[in-house]
Amino acid sequence: MNILKTNIADNEWTMDLSYDMFESPDRMRGMDLEGQRVHVDKYCLYEEDNAQGEVTRILAVSTNEGHVFATTSSAFIRTFDRIMELAKRCNVTDVCIDITAERSKNNRNYITAKYVK
């Protein structure tokens with residue numbers, strides 16, 4: 001596993017947090033929260049090899065509502081990353097997002113993150 005970005009400080013890592021973010025069978029898919037509004041608590045963007053040996057980017061997010069979800073959706077990762085970068089620049093620590101579904105030109109559903117003001 002190669003961590004690319006996270007808001008988890010070095011002294012915050014625990015076995016429970018690590019398990020919930022990376023291994024727990026209770027971790028949801030991002031698509032499972034489609035249409036939901038969540039407050040971001042912790043997040044981690046990382047890379048790991050998939051079953052075919054290809055490097056995959058995964059975003060794991062824990063919410064103040066008690067959910068932990070992960071997604072490989074490039075659209076969601078891109079929009080989420082931009083929101084969190086803007087929040088960091090503006091010193092905003094309480095970030096709320098809507099998880100919304102979009103439809104591609106190929107008629108495929110995907111999710112994106114939208115900042116809630």
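How much space lies in the second largest pocket? About 280 Å³. I shall return to that pocket after a word on the interior; please bear in mind throughout that this is a predicted model.

Let me begin with the nonpolar cores. The largest of them has 19 residues, and the members that touch the most others are L59, F76, F80, I97 and I99. Five elements each supply at least two residues of this core: the strands β3 (37–49), β4 (55–63), β6 (95–103) and β7 (109–115), together with the helix α2 (74–89). Of these, α2 gives the most, with six residues. A second core, separate from the one just described, comprises 10 residues, including I8, L17, V68 and A70. As general background, nonpolar side chains in soluble globular proteins tend to be buried together.

To see the packing around a single residue, consider F80. Leaving aside residues up to four places away in sequence, F80 touches V40, Y43, L59, V61, I97 and A113.

I turn next to helix α1, residues 15–22, where L17, M21 and F22 are buried. Viewed down the axis of α1, the buried residues fall within an arc of 105°, and therefore they line one face of the helix. The face turned away from that buried side carries M15 and D16, both exposed. The cover over the buried residues of α1 includes β3, β4 and β5 (68–71).

Strand β3 also contains D49. Why does D49 count as exposed? Its relative accessibility is 55%, and the cut-off for exposed is over 50%. Beyond residues up to four places away in sequence, D49 touches E54 and V55. From D49 to L86 the separation is 37 residues in sequence and 29 Å in space, taken C-alpha to C-alpha.

Now to the pockets. The largest has a volume of about 340 Å³. It is lined by 18 residues, of which G30, A70, T71, T72 and S73 are the closest to its centre. The largest share of this lining, three residues, comes from β7. By class, the lining has eight nonpolar, six polar and four charged residues.

For the second largest pocket, 14 residues form the lining, and those closest to its centre are N7, Y43, M84, A87 and K88. Two or more lining residues come from each of β1 (2–6), β3 and α2, with α2 providing the largest share, four residues. Here the classes are six nonpolar, four polar and four charged.

Thank you; I welcome your questions.

Notes: Residues are numbered from 1 along each chain as its sequence is written. This is a predicted model: local features need pLDDT of at least 70, side-chain atom pairs count only at pLDDT 80 or more; totals for chains, interfaces and linings use all residues. Side-chain values use heavy atoms; hydrogens and water are left out. A nonpolar core is a set of buried Ala, Val, Leu, Ile, Met, Phe, Trp, Tyr and Cys residues joined through side-chain atoms within 4.5 Å. Buried means under 20% relative accessible area, exposed over 50%, partly exposed in between (1.4 Å probe, protein chains only). Contact means heavy atoms within 4.5 Å. The arc is that of the directions from the helix axis to the C-beta atoms. On a 1 Å grid over the protein atoms alone, a cavity is a set of points where a 1.4 Å probe fits but cannot get out, and a pocket is an open set with protein on both sides within 12 Å along at least five of seven lines; lining residues have an atom within 4 Å of a point. Grid points are joined across faces, edges and corners, and a volume is the space filled by probe spheres set on the points. Ala, Val, Leu, Ile, Met, Phe, Trp, Tyr, Cys and Pro count as nonpolar, Asp, Glu, Lys and Arg as charged, and the others, Gly among them, as polar.
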